Amino acid sequence: MESTDIIIIGAGVGGLSAAAYLAQAGRKVVVLEQEHHIGGTAHVFERGGFVFPTGPKSVTMPAHILDYLCELGVEELPCFARDSFQVRRGAMDVMISAPLHEIKEQLLEFFPGEQDGILTVFNVLEEVMATLDVIKPEDLTITTESPTLAESWDAVSAEEFMDSHLHDERLKDLLGSQGTSEPEMSVALLARMWYFMSKKGIWYPGGGICKIPELLAMRVRAFGGEIRLGERVEHIMVHRGTATGVELSGGAKIKSDHVISNADYKETIFDLLPHNSITANRQEAISRMPLTSSNFTIFLGVKSERLDLSAIRGHHLIVKLMEGKPVPWELKRPRIEDFLQDEIWLSLWSKHDPGLAPPGCEALIINVTAPFEHFASLEGSGRCHEQYHSMKEKMADALVAAASRVVPGLSRAVVVREVATPLTYKDLGHRSNGSVAGWSWRFGDHSGPMAQSLAITPVRGLLMVGMQSFTSLFYGGMGTALYSGRYAAAIVLSETCVHERDKLRGE
Ligand SMILES: Cc1cc2nc3c(=O)[nH]c(=O)nc-3n(C[C@H](O)[C@H](O)[C@H](O)COP(=O)(O)OP(=O)(O)OC[C@H]3O[C@@H](n4cnc5c(N)ncnc54)[C@H](O)[C@@H]3O)c2cc1C
């Protein structure tokens, strides 16, 4: 049977990062990726001359990403260009990717009657944000005896906080969600989101969103690691509570002392491990761990001369076209009226790089939140399959028509269209319930430290990496995934050190 030091399941950012650090330390690493491309969700696809992202559109905390790439010996580092975000709701039209004091001025001008509340909310956000400069991820994984400022605000719901200081729903939603949705995070997590949005920035990597995994894969190979594409791991082999290797879908087995999974957390526990590897109580607790929701996304290639994009002042426009609660997906019909109250996110994707669209055209992405459960009943084949395709195309027609209210001419400008639903994110993104942003961000859904590490599993020798290996995305999705690989590699290397020291002592 083939054997290696370390097997890594999945060539997403987390898996490649772990592989690069371990290969750099001289370990024999094999990365097994079921798809025929690296990068996982940080990948792009091409349709009719347009290039679209399968997952992330931009990243945060690029300084950390660059530090890690430097540690791995990347010489030609990517440049990052800052993304700009705008929120529009009725007459309110605010650029939110600006320093906090500029956002405050815009809001004071628009809501003069809410001055006291606005000043209080900004004071708290500024105070918590000031502490984030010095907090490191490892500080977040422990609970301190006397709570820090951030920990105290982690125990307060942003919804309650906004309700107690502000009156206008548009203002509460904007400050509490950075968009037009009701606030759902804790105040501490919200402050972190403002830290990214207004202070550190959200950035697009030069060379494309897939540049970071590409650089990591180059380093893995340069250090002698191996990346095998089109190799799906079907089972993680376990003997007496310890991982001993993996079995591939073709039946071949590879032995190794360490297995690092970049696959979905729940899939790793429930599908890849033998059923008796962890206790029933633990399985029950994991099955109940809530995830973030999924998306309904439309990727559009449009002819520039046929539409008016002037409403989109930056790269991203978040808009609510009519007041009221969004129509729930189970009640939505494919008609414009049923999308007007949604938070619609329009991204002028090709503004990052004209090479993402043919000359005279733009690539535009529209998305709204969508729950997996509504689409789950349509999963499968045969009649259901046709019903699913027809439903998603009709819903896309309605959403494009709704978006035309802010981008006049949109419906007639479309030359290429692709639609992704929560089922797409589950089947092609390989994430449970098509979840797009890791574990739930909702206030009260997690207890314990602000960013618990899930890297160490109940099975010895099995570690997790990727954005789900921490309960909170402290460096954003891609930054946290990159950090997780470094974190898991450090665990493997320190365990190896202890093992080698014990061996020497024994001799
Ligand atoms: C729609 C969407 C939008 C997003 N937007 C952003 C954003 O704007 N900014 C941001 O930073 N992040 C965003 N993210 C999060 C993004 O997924 C992360 O940034 C990051 O790229 C995730 O990396 P990961 O290491 O967790 O693994 P993933 O990207 O999930 O990769 C895991 C890899 O493991 C492979 N794999 C799984 N199971 C097996 C198996 N059994 N055998 C072999 N291989 C297997 C998969 O094929 C995949 O290649 C978004 C995600 C989605 C889906």
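These legends walk through several close-up views of a predicted model.

**View 1. The three domains of the protein.** Let us start with the overall division. The protein is split into domain 1 (2-46 + 58-81 + 206-289 + 449-506), domain 2 (87-200) and domain 3 (294-434). Between the C-alpha centres of domain 1 and domain 2 there is a distance of 33 Å. Where these two domains meet, 11 residues of domain 1 are in contact with 11 residues of domain 2. On the domain 1 side of this meeting place, six residues are nonpolar, five are polar and none is charged.

**View 2. The shell around the ligand.** Here the ligand sits among 34 residues, and the closest of them are G10, G12, G40, G466 and G477. Elements that contribute two or more residues to the shell are α1 (13-24), β3 (29-33) and α17 (476-506). Helix α17 supplies the largest share, with four residues. Sorted by class, the shell holds 14 nonpolar, 16 polar and four charged residues. Domain 1 and domain 3 each provide at least three residues to it.

**View 3. L16 in the largest nonpolar core.** The largest nonpolar core has 137 residues, and those touching the most other members are L16, A19, V31, V220, L346 and L399. This view picks out L16 from that list. Which residues is L16 in contact with, leaving aside its neighbours within four places in sequence? They are A11, V31, I38, P213, L216, A217, V220 and G485. Two of these partners, V31 and V220, also appear among the core residues that touch the most other members.

**View 4. An open sheet of four strands.** Follow the strands across the sheet and you will meet them in the order β1-β14-β13-β12, with mixed pairing. Its edges are formed by β1 (2-3) and β12 (233-239), each of which pairs on one side only. In a sheet, backbone hydrogen bonds link the strands, in a parallel or antiparallel sense. For β13 (residues 242-248) and β14 (residues 253-255), the sense is antiparallel, and the pairing runs over three bridges. Look for G245, which stands opposite K255 in β14.

**View 5. D427 in helix α16.** This residue belongs to helix α16, which covers residues 422-427. Is D427 buried or exposed? It is exposed, because just 12 other C-beta atoms lie within 10 Å, and a residue with 12 or fewer counts as exposed. D427 and V259 are 168 residues apart along the chain, and their C-alpha atoms are separated by 23 Å.

**View 6. Q178, a loop residue with a positive phi.** Q178 is found in the loop between α8 (169-177) and α9 (187-200). Its phi is positive, about 60°, although Q178 is not a glycine. Why does Q178 count as buried? It has 21 C-beta neighbours inside 10 Å, and 20 or more are enough for a residue to be called buried.

**View 7. N433, another loop residue with a positive phi.** The loop shown here runs between α16 and β21 (462-464), and N433 lies in it. The phi of N433 is near 55°, a positive value in a residue other than glycine. N433 counts as buried because it has 21 C-beta neighbours inside 10 Å.

Methods: Residues numbered from 1 in each chain as written. Predicted model: local features only at pLDDT ≥ 70, side-chain atom pairs only at ≥ 80, totals over all residues. Near = placed C-beta within 6 Å. Nonpolar A, V, L, I, M, F, W, Y, C, P; charged D, E, K, R; others polar. Domains from an automatic or database assignment. Core = buried A, V, L, I, M, F, W, Y, C linked by C-beta atoms within 7 Å. Contact = placed C-beta atoms within 7 Å. Pairing = 2+ DSSP bridges.
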